[in-house]
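Open the model in your viewer and keep the selection panel at hand. The tour goes stop by stop.

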Amino acid sequence: MIDTVAIEKKWKDYWFNNNIFAFKKGDKNYTIDTPPPTVSGKMHVGHAFSYPQQDFIARYKRMKGYNVFYPWGFDDNGLPTEKFVEKERKVTIDNTPLKDYIEICREVSRESEKGLYQAWYDTGISADFKNYIDTSSDFSIKISQEMFLDLVAKKRAYRDEAPYITCPTCRTAISQIEMKDAIISTELVYINFNGIEIATTRPEMLGACVAIFVNPDDERFKKFVGTTVNVPVYGYPVKVMSDPSIDMEFGTGAEMLCTFGDQHDLELWKKYGIKARIILKNNRINDGSVIINMPIKDARKKIIDELQSKNYIIKIEKIKHSVNTHERCGTPIEIGISKQWYIKDLDIKNELIEFGNKIEWVPGHMKTRYDNWVTGLKWDWCISRQRYFGVPFPVWYCDNCGEIILAGNEELPVDPRLDNKKRKCEKCGSDNIVPETDVMDTWATSSLSPTLYLKHINQMDLYPMDSRFQGHDIITSWAFTTILRSYLHYGEIPWRKIVISGNVYDPFGQKMSKSKGNIVEPRAIIENYGADALRYWASTTMQGENIKLREQDLMRGRKTVIKLENSLKLIMMLANNKKPGNTIPEFPVNRWITTKMERTIKEVTEYMENNEIMKARISLDKFFWNEYCDNYLEMIKNESSKDDRRDETLSTAFSVFENILKMYSPIMPFITEELFHQANPSFSGSIGLEPYPEFDGQMIYNEENEVDYIIGVIDKIRNLKSQMKLSMAAPLDILKLHGDAKIIQKYDYILEGMMHINSMEIINSEDTYIEN
Ligand SMILES: Nc1ncnc2c1ncn2[C@@H]1O[C@H](COP(=O)(O)OP(=O)(O)OP(=O)(O)O)[C@@H](O)[C@H]1O
C-alpha cells in the first residue's frame with residue numbers, strides 16, 4: 001500500500017530545505033500576487049480548492065522556464081483578526097489597555113499563523129514560504145502609511161464630516177465593500193402624521209424626521225405636496241415633498257425621510273439639500289426629549305409606546321424586508337455623521353472601468369461583477385475604522401485650530417496613539433496636539449499586496465505583476481481596491497491577468513469561511529487520500545465554478561496516484577530495473593504511443609496556457625489511463641520480451657511515462673516527484689524544475705490510424721470475452737475476424753499476444769466484426 005504521508009513529508013521537506021521554490025530573478029520572470037489569507041480561524045477545504053489552482057500555474061510556469069515569484073503572506077490586521085483574537089483570548093478593548101490589546105492580537109495572530117502556515121504547506125503549495133509577509137508587521141505598516149501619505153499629497157485621501165456607514169455590533173465605520181443584503185423580519189409601523197398616513201420600519205428615528213416624501217404620480221397625496229405637517233410627539237413642522245423613487249405600493253405610499261434611516265434617506269437628503277437632524281450617535285439614540293441615550297432596540301419600544309399612548313399608531317404589520325447588513329456579523333448597518341477618512345473614487349468610475357478592460361479576466365464573464373460594482377458605487381471609500389489592531393493613521397490634529405498634522409516619511413512606521421514625541425502645530429504654534437485614534441480598514445493595506453510583495457524583495461521593477469489569483473467572493477473588495485490603489489499611486493494596472501476561482505460551499509449551500517466556522521479542515525482528507533488526491537479534486541471544475549467536497553473526485557485522484565505507481569513498477573519490471581537509453585521509435589506501436597503523447601502535450605499545453613486546468617487534466621487522464629495503460633502497456637507486455645524490439649519499446653515506455661509524470665506534476669507534485677526519482681535514481685533535482693514536455697510535430701507518425709483501428713478490434717475482442725465471461729488473460733481458440741485484412745495481418749502478433757488468441761481467420765471486409 002502506498003504510504004502517501006511518508007512520501008509527502010519527504011518531498012515537501014526536500015523542497016523547503018533545498019529552496020527549490022525560492023525566487024531567482026532572471027530574464028524570464030513570472031510574478032504572482034498571492035492572496036494573503038486572513039488570520040481569522042483555520043484553513044479549510046475552500047482554501048485547499050482555490051490555492052492549488054494558482055499553484056498548478058506556478059508549477060507549470062517554472063517548468064516552462066520562468067523564474068516564478070510566488071510569495072506568501074498573511075493578512076493579520078483589522079477587524080477579522082481582532083474578532084478572532086477576542087474570541088480566542090476572551091479579551092475586549094473595554095477590559096484591556098490599548099498597548100496590551102495590540103500586543104495580544106499580535107501574539108495570537110503569530111501563533112495562529114504557524115498552524116495556518118503548516119496547513120498550506122501540507123497541501124504542496126510551492127510558494128516561497130521562507131520569505132512571507134504579515135500585513136501587521138512594521139514593514140507592511142510602514143508601506144501602508146507611506147502610501148496613505150501619498151494619497152493625501154495627491155488629494156485623494158481626505159477627512160470629512162459626512163454621512164458614513166456604521167455597524168452597531170462592531171462599533172466601527174465600515175465601507176460599502178463590507179455590506180451585504182439580507183432579508184429580515186421586522187415591523188412596519190403605520191403612523192398618523194397629523195393628517196397624512198405614513199409607514200416606517202424605523203419609528204425610533206422619528207425625532208430625526210426632516211421631510212415626508214410621496215410619489216409625484218400618487219393621486220392620493222397630490223394635495224399634500226408643498227404643505228407642511230407636524231411630526232407626531234415632537235411637534236415640529238416638516239415639508240411634504242415628492243420624488244419618483246417613492247414606491248406607491250409600499251406601506252401607505254408616503255414615507256418619512258430621517259437622517260438617516262437607510263441609504264434611500266441619504267440619497268433624498270443629498271438630492272434635495274435638506275438640513276439634517278442627528279439623533280443617532282455611537283449607536284445610541286438621543287433626541288433630547290423622549291429618547292435619552294438608548295440603544296436602538298429600546299428606543300424603538302419607547303417611541304412606539306409613546307405614539308400608542310397618544311393615538312398616533314394606526315396599525316403595526318409584521319413584514320419581511322431587505323436591509324443592508326455588515327457581512328462580518330450580519331447586523332443591519334446604520335448611517336451616521338462623523339469625521340472619517342475617505343479615498344476619493346466616485347469621480348473616476350470610467351477610468352476604473354477602463355483599467356478593468358486592460359486586465360485579462362479569467363473567466364472573462366467575471367469582469368461583469370467588477371464593472372457592476374464600479375458603476376454602482378455610491379460612496380467614496382471610507383477607510384477609517386474605530387478599532388484598535390490595524391494600521392494606524394500617521395496623523396495628529398491641532399486641538400486649537402483643527403490643522404491636520406502628518407508624520408514625515410522618515411518617522412514611519414508610527415503609531416500616534418502610543419507615540420510620545422512632542423509635536424507643535426506649524427499653523428498656529430499650539431502644542432495641544434491630539435493623535436488620530438482610528439486605524440485603517442484592512443483592505444487599505446491588503447489592496448497594496450503587489451507593492452508589499454515586490455518591495456519585500458526589492459524588485460519594484462517587476463510591477464505590474466503577471467497574475468492575481470483569488471475567489472469571486474472578493475472581486476468587489478480585494479480586486480477592486482487593488483485596481484483602485486494601483487491606478488491612484490502608479491497610473492498602472494496591478495497585474496496583467498486576474499484568475500478567479502469558485503468557492504467551496506458547505507452542505508447547506510453556504511460559502512465555507514474561517515470566520516463563520518462552517519468548515520472542513522483538509523488534514524483528515526490528506527491523511528486518508530493524500531494531498532495529491534485533494535489537489536486532483538481542485539482540478540475538477542472550470543475556472544470560477546463553485547463546488548462541494550466530492551468523495552468520488554478524491555477517490556479518482558487517489559486511484560490515479562496508485563495507477564502511476566503501478567505503471568512505473570510494471571515498466572521497471574519489464575526493464576529488469578534498468579532504464580534503457582533514448583531511441584527514436586521505429587516500431588508501429590511505439591510510434592503510435594509517441595504520436596498520441598505529442599498530441600496530448602499539444603492539447604494539455606494549450607489548456608494550461610489558458611488556465612483551463614480541468615480540461616488539461618481530463619486530456620491527460622484520457623491519455624494516461626486509456627491510451628498508455630489500457631492499451632500501450634498491455635500491448636508491450638509481450639513485445640518487450642522480443643529482443644529486436646526490446647530496447648526501443650522500453651525506451652519509449654519510459655520516456656512517455658516521464659512525460660506523463662511531468663504533465664501531472666503541477667497537479668500532483670508529490671507522487672510525480674517520488675516516481676521521477678525512482679525512475680532516475682541518480683537525479684538530484686526536482687521534477688518541478690524539469691522542462692515541461694514540448695510538442696514536436698516530427699513525432700507525429702502515420703501508423704496512428706492503423707493502431708487506432710487495431711485498438712478498435714481489441715475492444716471488440718474484449719467485449720466478446722466479457723460476454724463469454726472469460727478473463728482477459730484466458731486463451732481464445734478460434735476467431736473469425738472480418739475487417740481490413742491488410743492492417744489486421746500487419747498487427748496480428750499484437751492481437752494474438754495481447755488477447756491470447758491461439759488461432760485466427762482473417763476475412764477481408766468493409767465492416768469490422770467477429771464471427772464466433
Ligand atoms: N469557501 C471557499 N472556497 C474557495 N476559496 C475560498 C473560500 N474561502 C476563501 N477562499 C479564498 O481564499 C483566499 C483567502 O481568503 P480568506 O482568508 O479571507 O478566507 P475566509 O475563510 O473567507 O476567511 P474569512 O471568513 O475571515 O473571510 C481568497 O482568495 C478567497 O477567495
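The stops below start at the ligand and then move out through helices and strands.

**Stop 1: the ligand shell**

This is a predicted model. Select the ligand and its surroundings: 22 residues make up the shell. P37, G46, G471, S513 and S515 are the closest of them. Colour the shell by class. You get seven nonpolar, eleven polar and four charged residues.

Which elements each supply at least two residues of this shell? They are helix 2 and strand 25 (465–471). Helix 2 gives the most, with four residues.

**Stop 2: helix 2**

Select residues 45–63, which form helix 2. Put a distance between the end C-alpha atoms: 27 Å. At 1.5 Å a residue, 19 residues should span 27 Å, so the two values agree.

Is this helix enclosed or open to the outside? All is covered here: 19 of the 19 residues are buried, so helix 2 is largely enclosed by the rest of the structure. A residue counts as buried when 20 or more other C-beta atoms lie within 10 Å of its own. Now step past the helix to G65, where phi is positive, near 95°.

**Stop 3: strand 25 and its neighbours**

Go to strand 25, the other contributor to the ligand shell named above. Six of its seven residues are buried, so to speak of it as mostly covered is fair. Two neighbours pair with it.

- Strand 1 (residues 29–33) runs parallel to strand 25, joined by two bridges. Pick I32 and you will find S467 of strand 25 opposite.
- Strand 26 (residues 495–501) also pairs with strand 25 in the parallel sense, over six bridges. Here R468 stands opposite I498 of strand 26.

Now trace the chain from strand 25 to strand 26. The path goes through helix 12 (residues 475–490), and this β-α-β crossover is right-handed.

**Stop 4: helix 5**

Select residues 138–153, the 16 residues of helix 5. From first C-alpha to last, helix 5 reaches 22 Å, close to the 22 Å expected at 1.5 Å a residue.

Which residues of helix 5 are buried? Highlight S140, I141, I143, S144, Q145, M147, F148 and L151. While you look at them, recall the helical repeat: with 3.6 residues a turn, residues three or four places apart point the same way. Just after helix 5, K155 takes a positive phi of about 60°.

**Stop 5: strand 9**

Move to residues 209–214, strand 9. Six of the six residues are buried, so strand 9 is largely enclosed by the rest of the structure. Show its two partners.

- Strand 12 (residues 254–258) pairs with strand 9 in the antiparallel sense, over five bridges. V214 has A254 of strand 12 as its bridge partner.
- Strand 11 (residues 237–242) runs parallel to strand 9, joined by four bridges. I212 stands opposite V240 of strand 11.

Strands of a sheet pair through backbone hydrogen bonds, so display those at this stop.

**Stop 6: a three-stranded sheet**

Finish with an open sheet of three strands in the order 13-14-15, with antiparallel pairing. Which strands lie at the edges? Strand 13 (280–281) and strand 15 (294–295) do, and each pairs on one side only. Zoom in on strand 14 (residues 284–285), which two bridges join to strand 13. L280 stands opposite I285 of strand 14.

Terms used:
Residues are numbered from 1 along each chain as its sequence is written. This is a predicted model: local features need pLDDT of at least 70, side-chain atom pairs count only at pLDDT 80 or more; totals for chains, interfaces and linings use all residues. The expected span of a helix is 1.5 Å times one less than its number of residues. A residue is buried if 20 or more other C-beta atoms lie within 10 Å of its own, exposed if 12 or fewer, and partly exposed in between; C-beta atoms are placed from the backbone. A residue is near a molecule or strand if its C-beta atom, placed from the backbone, lies within 6 Å of it. Ala, Val, Leu, Ile, Met, Phe, Trp, Tyr, Cys and Pro count as nonpolar, Asp, Glu, Lys and Arg as charged, and the others, Gly among them, as polar. Two strands pair if DSSP finds at least two bridges between them. A crossover is right-handed if, with the strands pointing away from the viewer, the path from the first strand over the helix to the second runs clockwise.
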